[in-house]
Amino acid sequence: MSVSKPVQYVGGELNSVVKDWASCDVRWCLMYPDAYEVGLPNQGVQILYEVLGELDGVLVERTYSVWPDLEALMREHRIPQFTVDAHRPVGAFDIFGISFSTELGYTNMLNALDLAGIPIESADRTDDHPIVIAGGHAAFNPEPIADFIDAAVLGDGEEAVVAISAVVREWKKEGCPGGRNELLFRLACTGNIYVPRFYDVTYRADGHIDSVAPNRVGIPARVSKHTLMDLDAWPYPKKPLVPLAETVHERFSVEIFRGCTRGCRFCQAGMITRPVRERSIDTIGAMVDAGLKASGFQEVGLLSLSSADHSEIGPIAKQLADRYEGTNTSLSLPSTRVDAFNVDLANEFSRNGRRSGLTFAPEGGSERMRKVINKMVTEEDLIRTVTTAYAQGWRRVKLYFMCGLPTETDDDVLQIADLARKVIQAGRTASGSRDIGCTVSIGGFVPKPHTPFQWAAQLDHATTDSRLLKLRDTIRTDRQYGKAIGFRYHDGKPGIVEGLLSRGDRRVGRVIKEVWRSGGRFDGWSEHFSYDRWMNAATTALADEPVDVDWYTTRERDRAEVLPWDHLDSGLDKDWLWQDWQDSLSDVEVDDCRWTPCFDCGVCDTMGTDIQVGPTGRTLLPLTVV
Amino acid sequence: MARQPDAREVALAVQKLRVHFAKRGRLRFTSHRDFQRVFERAIRRAEIPVAYSAGFSPHPKISYVGAASTGAASEAEYLEISVTRVCDPERVRAELDAALPPGFDIIEVVEARGGSLPDRIDTSHWQVTLTGVDPEDAARAVKLFLQEESIPVERVLKDGRRTLDARLPVVTLGVVEDLGPTGCAILDMVVRHLTPAVRPDDVLAGLRQVSDLAPPLPPVVKRLAQGHLDESGRLADPLAPDRDAAAGADPAAEIPATR
């Protein structure tokens with residue numbers, strides 16, 4: 001009777017807070033629906049945990065997915081899903097908030113609900129059960145889980161959780177009038193919270209959606225995303241959670257800006273988080289200082305969707321490196337573009353600590369492909385960048401690509417091998433050494449809602465796999481350079497399930513439930529994921545429908561089709577998205593609105609927002625010498 | 001171009017500190033690797049001037065001595081830290097203790113005055129609580145255990161299944177009388193450190209083998225002390241030589257007022 005890594009369930013992390021249950025009137029349980037080692041470092045959950053924890057009378061605890069060994073013991077001994085903070089049962093809380101950065105956490109949500117003793121269907125819950133709220137990027141199309149959640153929050157969570165707490169408190173103070181239906185109605189009336197039960201979806205005989213419409217007076221026809229406009233006013237995390245157990249990210253992360261307008265057409269994050277809102281250099285400096293002191297971490301990550309694009313990234317890098325000179329504190333920039341300037345940044349960042357490899361993401365193998373996806377990087381850019389890196393002593397460069405992009409052919413993918421050869425060639429010349437390498441990492445592309453590719457056909461897994469194998473063989477059989485090129489790839493099957501869940505509608509919920517019922521858990525883990533289980537479940541669950549997995553994944557949509565998420569407003573104008581999709585098919589690129597005029601994607605007009613970029617000309621706050 | 005870290009930048013260690021700490025409560029579920037991470041971060045928060053190794057991947061100079069296994073509590077864990085500035089051991093104790101989560105508690109810090117700490121540790125004193133076991137049954141099992149010359153038990157180690165002699169390293173084994181709540185038996189044992197190590201779990205496996213003693217719940221294991229087993233059968237405190245050396249020296253000359 002023992003479980004693996006028991007420390008992940010004991011809580012007690014540095015900077016975690018346990019409040020008195022009785023003295024709080026609004027109680028949240030937050031969940032990241034994956035194993036503790038993945039969930040604990042999640043920035044979104046950490047931010048909301050701290051924001052809520054600072055509110056008077058609000059209690060917040062966390063829970064994560066339990067591994068099958070503990071699940072078996074819990075079911076045997078009737079132990080419910082519990083929080084790690086104070087080991088309280090999840091079912092006792094007012095609100096159960098679950099953050100989805102990927103759709104592959106859906107079965108884990110069902111399992112947690114079931115272990116908590118909460119009915120998995122929203123319709124079966126009573127006033128005794130928590131309100132189940134989904135957030136995170138996947139909440140921009142929560143239709144596949146519409147039957148299992150009570151509500152979804154679109155967009156930035158900081159202010160939204162404060163607003164939800166106020167609504168719940170008021171409703172409880174009034175004696176919970178009208179039960180949970182009334183509470184959900186009040187949440188839906190805010191306009192930023194989607195409550196699926198108040199919208200009816202009708203279908204046509206051919207399986208297409210006919211309409212999505214509110215079924216109650218007072219419910220908005222469209223739900224808008226929430227946008228946090230002043231990142232300097234919300235400098236979270238201030239006191240990051242420091243786990244006892246080992247986790248996937250062992251660093252203190254500061255988000256240096258939110259949003260991205262590079263306009264990469266495959267990138268859902270870049271589309272749904274617009275506009276760009278920078279955190280100022282002095283706030284970043286103060287956050288890094290406070291976070292390191294509060295955590296003892298040895299590494300600082302400067303997060304964003306494209307960190308080198310911060311208007312003052314140069315001074316930030318230089319001044320942070322100066323500040324931490326000689327302290328063995330390393331800095332990292334997780335997302336960088338292909339740009340020689342980034343090598344200079346990387347040099348600054350590795351001055352005080354460990355020097356890892358450099359990563360660049362050209363995404364598309366051929367020049368044409370990169371135009372289709374609007375990743376404005378030329379082969380020259382890439383070669384110039386890696387030449388700089390190798391010349392300055394970096395030995396390994398990692399390159400990220402995607403396979404299965406719209407209009408792609410075998411040849412587009414095989415050009416990745418040419419590119420890798422040229423990279424090694426440039427590296428050997430620049431470094432004068434043969435001891436250099438590059439790694440090509442490639443995965444299948446999954447079309448996402450609220451992007452120009454939301455209409456695109458996903459490539460079937462067999463073709464994806466055959467292209468990847470051709471590329472692998474081309475690289476392996478290269479006598480001159482093959483040994484210097486590493487190749488990592490993910491097979492196409494999990495991508496099809498992700499595609500089904502990403503662009504699915506409410507009918508896909510039956511498939512998720514069937515998969516969970518037949519034992520599906522931890523779908524993001526290859527050792528637990530079963531493609532056959534998903535396909536069998538889909539066959540069963542969709543037997544009475546005119547649609548199947550292919551209909552949801554490998555089918556191209558036309559302009560007139562009602563998409564399952566059309567009533568959820570990310571601010572992007574659907575006509576603009578369509579135009580961008582058409583432009584991609586004719587290799588037309590679109591620029592970044594930070595340094596060119598606005599191209600009317602619709603976000604700022606619809607949401608009443610504006611780009612917020614520097615430079616401010618300020619510097620990091622000077623620190624008192626210790 | 002500066003690919004090689006400049007050797008001059010690596011600050012040299014000027015003092016070695018020996019740390020005695022405890023692992024208590026729910027933190028007994030931490031593994032040794034978990035503790036290492038937690039401890040290194042506590043060192044940084046407490047701003048202890050720990051020395052780092054040179055090279056591309058500098059590591060703090062901390063050496064751990066014989067860690068208790070995951071799930072076992074301990075009142076007697078030891079490690080050594082090298083620092084780049086001379087520190088007051090008591091101040092380091094207080095600051096590290098404040099920086100560590102409750103459950104990892106620093107009991108004592110002394111300055112190393114020569115000798116090797118691992119050489120002073122060859123035996124552990126354990127207490128094992130068996131809930132749901134009648135002390136009389138436990139006493140009978142202990143008696144049978146001690147009568148044997150050798151008790152082979154199996155354990156899965158990293159390199160496969162191995163047979164260990166659970167009897168060989170056991171110096172003393174007994175049932176503690178009139179202690180703790182009723183409905184449980186408490187074993188007290190002194191076990192020599194061998195390679196591979198025989199752990200309290202292995203002794204329990206041995207007890208089960210000689211007497212069918214099968215606790216219904218997982219045992220709660222706690223290390224009470226570690227040290228050198230002297231001829232009188234007593235465990236010598238491994239920090240005593242350092243403490244004695246410090247007491248014998250002129251305190252004003254040896255211990256600076258500030259770090």
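## Working through a predicted two-chain model

His450(A) counts as buried because it has 22 C-beta neighbours inside 10 Å. This is a predicted model, and the exercises below start from that residue.

### Exercise 1. Backbone exceptions

Task: Compare His450(A) with Glu47(B). What is the sign of phi in His450(A) and in Glu47(B), and is each residue buried, exposed or partly exposed?

Solution:

1. Start with the general expectation: most residues other than glycine have a negative phi, and most peptide bonds are trans.
2. His450(A) departs from this, with a positive phi of about 65° although it is not a glycine. Its place is the loop between strand S17 (437-444) and helix H14 (461-476) of chain A.
3. In Glu47(B), also not a glycine, phi is positive and near 55°. This residue sits in the loop between helix H1 (32-45) and strand S2 (62-65) of chain B.
4. Now apply the cut-offs: 20 or more neighbours within 10 Å make a residue buried, 12 or fewer make it exposed, and values in between make it partly exposed. With 22 neighbours, His450(A) is therefore buried. Glu47(B) has 14 C-beta neighbours inside 10 Å, so it counts as partly exposed.

Task: Which residues does a cis peptide bond join before Pro275(A) and before Pro615(A)?

Solution:

1. Arg274(A) and Pro275(A) are joined by a cis peptide bond, with omega about -5°. Pro275(A) belongs to the loop between helix H7 (268-272) and strand S12 (277-278) of chain A.
2. Another cis bond links Gly614(A) to Pro615(A), with omega about 5°. Pro615(A) lies in the segment after helix H20 (603-607) of chain A.

### Exercise 2. The overall form of chain A

Task: Why does the radius of gyration of chain A agree with that of a compact globule?

Solution:

1. Take the length: for 626 residues, a compact globule would have a radius of gyration near 25 Å.
2. Compare it with the model: chain A has 24 Å, so the value agrees.
3. Add the extents: the C-alpha trace spans about 75 × 65 × 60 Å along its principal axes.
4. Look at burial and contacts. Buried residues are 50% of the 626 residues in chain A. Of the contacts in chain A with a separation of 6 or more, 78% are between residues 24 or more positions apart.
5. Finish with the secondary structure: chain A has 20 helices and 19 strands.

### Exercise 3. Nonpolar cores

Task: Which residues have the most contacts inside the largest nonpolar core, and which helix gives the most to it?

Solution:

1. The largest core has 199 residues, and those with the most contacts inside it are Trp28(A), Ala151(A) and Ala420(A).
2. Helix H13 (residues 410-431) of chain A gives the most to this core, with eight residues.
3. Apart from this core lies another one of 30 residues, including Ala72(B), Ala73(B), Ala138(B) and Val153(B).
4. Zoom in on Trp28(A): leaving out residues up to four places away in sequence, Trp28(A) touches Leu52(A), Val58(A), Leu59(A), Val60(A), Phe93(A), Ile95(A) and Gly97(A).
5. As background, nonpolar side chains tend to be buried together in soluble globular proteins.

### Exercise 4. Domains and chain contacts

Task: How many residues does each partner bring to the contact between the domains of chain A and to the contact between the two chains?

Solution:

1. Chain A is divided into domain 1 (6-224) and domain 2 (357-489 + 558-567). Their C-alpha centres lie 37 Å apart.
2. Eleven residues of domain 1 of chain A are in contact with eight residues of domain 2 of chain A. Strand S8 (residues 209-214) supplies the largest share of the domain 1 side, three residues. That side divides into six nonpolar, three polar and two charged residues.
3. Between the chains, 22 residues of chain A touch 23 residues of chain B. The chain A side consists of ten nonpolar, eight polar and four charged residues.

### Exercise 5. Confidence

Task: Where in chain B is the pLDDT below 50?

Solution:

1. Begin with the whole chain: the mean pLDDT of chain B is 88, and 90% of its residues reach 70 or more.
2. Over residues 1-8 of chain B the pLDDT is below 50, and this stretch has six contacts beyond near neighbours in sequence.
3. Residues 251-259 of chain B also stay under 50, with nine contacts beyond four places in sequence.
4. For the complex, the predictor gives an ipTM of 0.79 and a pTM of 0.90.

How values were computed: Residues numbered from 1 in each chain as written. Chains lettered and ligands numbered in written order. Predicted model: local features only at pLDDT ≥ 70, side-chain atom pairs only at ≥ 80, totals over all residues. Contact = placed C-beta atoms within 7 Å. Nonpolar A, V, L, I, M, F, W, Y, C, P; charged D, E, K, R; others polar. Core = buried A, V, L, I, M, F, W, Y, C linked by C-beta atoms within 7 Å. Helix = DSSP H or I, 4+ residues; strand = E, 2+ residues; numbered from the N terminus. pLDDT = per-residue confidence, 0-100. Rg over C-alpha atoms; globule rule 2.2 N^0.38 Å. Domains from an automatic or database assignment.
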